[in-house]
Amino acid sequence: PSPVSVTIPASPFMQKLGFGTGVSVYLMERSPRGAWRSPWAVKKVSSACSRRRRSLCQRRLREEARTLRGLRHPNIVGFRALSVAADGSLCLAMELGGRRSLLDLIEERRGRGLGPFPPAEILAVARSVARGLQYLHEECRLLHGDIKSPNVVVRGAFEAVKICDVGVSLPLDENLQVSDPELCYVGTDPWKPPEALAPGGIISDRSDIFAFGLTLWEMLALSIPHL
């Protein structure tokens, strides 16, 4: 999608929610409140990036916007707008699925010296993420490609749980496999499935399920897997 005319405040005037390689995510309050004009999460390409990195991040952000715009599911954050900030940075505005990621909650729980999450909260995450993945795999024929606790956002006391960050998603064929040899699974090392680590491994919907299982394991161990 082409950028639309939406006024995005300068970064210092928005609360920072998180960050990734070459991008940061901010809270953008909107008024009056409503389903469409509710608070947004704004992913913004960092102006501090090198020209080459900035170009790559902008391309990925456009691809993510194109993918997200076609998704409609209660357990996946919704698309709001693709715009350009006053400083020229490309911005992807999304539904604010929650102010904290599952990783934030895991780190807080570990810091307080608490044990595993209660079964009801683990079940809430399991059901919500499973439903979101089923929609992506079976209805959209998409592999998320980077399921992990930082890419699951939580609202309130697990009232809503949503998958975010579809920037490295890959198309699946009729066998739910990534069959295009030109495409590469990106993921994040601690959550990568065995087939993504071995030469010639077959990437499929099961690759997301493996990472999903590790994400639930995090709620028990309060630790990033394999570290």
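**Exercise 1. The cover over helix H3**

Task: Which elements cover the buried residues of H3 in this predicted model?

Solution. Begin with the elements themselves: what covers the buried residues of H3 includes H2, strand S7 (142-143), S8, S9 and helix H5 (205-221). Next, find the residues that are being covered, which in H3 are Ile-122, Ala-124, Val-125, Ala-126, Ser-128, Val-129, Gly-132, Leu-133, Tyr-135, Leu-136 and His-137. Then look at the helix as a whole: H3 has 21 residues, and the distance from its first C-alpha to its last is 29 Å, close to the 30 Å expected at 1.5 Å a residue. Finally, follow the chain onward from H3 to Arg-141, whose phi is positive, near 55°.

**Exercise 2. Helix H5 and the residue after it**

Task: Against which elements do the buried residues of H5 pack, and is Leu-222, in the segment that follows, buried or exposed?

Solution. First list the buried residues of H5, namely Asp-205, Ser-207, Asp-208, Ala-211, Phe-212, Leu-214, Thr-215, Leu-216, Glu-218 and Met-219. These buried residues pack against H2, H3, S7 and helix H4 (194-197). As for its span, H5 has 17 residues and reaches 25 Å from first C-alpha to last, close to the 24 Å expected at 1.5 Å a residue. Now move to Leu-222, which is found in the segment after H5 and has a phi near 55°, a positive value in a residue other than glycine. Because its relative accessible area is 7%, and buried means under 20%, Leu-222 counts as buried.

**Exercise 3. The largest nonpolar core**

Task: Which residues touch the most other members of the largest nonpolar core, and which helix gives the most to this core?

Solution. The largest nonpolar core has 47 residues, and those that touch the most other members are Leu-68, Leu-71, Phe-117, Val-125, Val-129, Phe-158 and Met-219. Helix H3 (residues 119-139) gives the most to this core, with eight residues. The core also draws on two domains, taking at least three residues from each of domain 1 (14-95) and domain 2 (100-221). As a last step, take Met-219 as an example: leaving aside residues up to four places away in sequence, Met-219 touches Leu-102, Ile-106, Pro-116, Phe-117, Glu-121, Ile-122, Val-125 and Phe-158.

**Exercise 4. Two aromatic rings**

Task: How many aromatic pairs are counted, and where in the chain do the partners Phe-117 and Phe-158 lie?

Solution. The count comes to one aromatic pair. It is formed by Phe-117 and Phe-158, whose centres are 6.2 Å apart and whose planes stand at 80° to each other, so the pair is edge-to-face, given that angles over 60 degrees are classed in this way. To place the partners, note that Phe-117 is in the loop between helix H2 (102-111) and H3, whereas Phe-158 is in the loop between strand S8 (152-155) and strand S9 (160-163); the pair therefore links distant parts of the chain, 41 residues apart. Both rings belong to buried residues, since Phe-117 has a relative accessible area of 6% and Phe-158 has 13% relative accessibility. One further neighbour completes the picture, as Arg-109 lies over the face of Phe-117, at 5.0 Å from the ring centre.

**Exercise 5. Three single residues**

Task: Which of the classes buried, partly exposed and exposed fits Ala-41, Asp-165 and Gly-156?

Solution. The cut-offs needed are under 20% for buried and over 50% for exposed, with partly exposed in between. Ala-41, which lies in strand S3 (residues 40-45), is buried because its relative accessible area is 8%. Not counting residues up to four places away in sequence, Ala-41 touches Leu-17, Val-25, Tyr-26, Leu-92, Ala-93, Met-94, Glu-95 and Leu-96. Asp-165, in the loop between S9 and strand S10 (170-171), has 24% relative accessibility and therefore counts as partly exposed; its phi is near 60°, a positive value in a residue other than glycine. Gly-156, in the loop between S8 and S9, counts as exposed because its relative accessibility is 53%. The C-alpha atoms of Gly-156 and Arg-99 are separated by 8.4 Å, although these residues are 57 residues apart along the chain.

Note on methods: Residues numbered from 1 in each chain as written. Predicted model: local features only at pLDDT ≥ 70, side-chain atom pairs only at ≥ 80, totals over all residues. Heavy atoms only, no water. Core = buried A, V, L, I, M, F, W, Y, C linked by side-chain atoms within 4.5 Å. Buried < 20%, exposed > 50% of the residue type's maximum accessible area, 1.4 Å probe, protein only. Helix = DSSP H or I, 4+ residues; strand = E, 2+ residues; numbered from the N terminus. Domains from an automatic or database assignment. Contact = heavy atoms within 4.5 Å. Phe/Tyr/Trp six-rings, centres within 6.5 Å; stacked < 30°, edge-to-face > 60°. Lys NZ or Arg CZ within 6 Å of the ring centre and 35° of its normal. Expected span 1.5 Å × (residues − 1).
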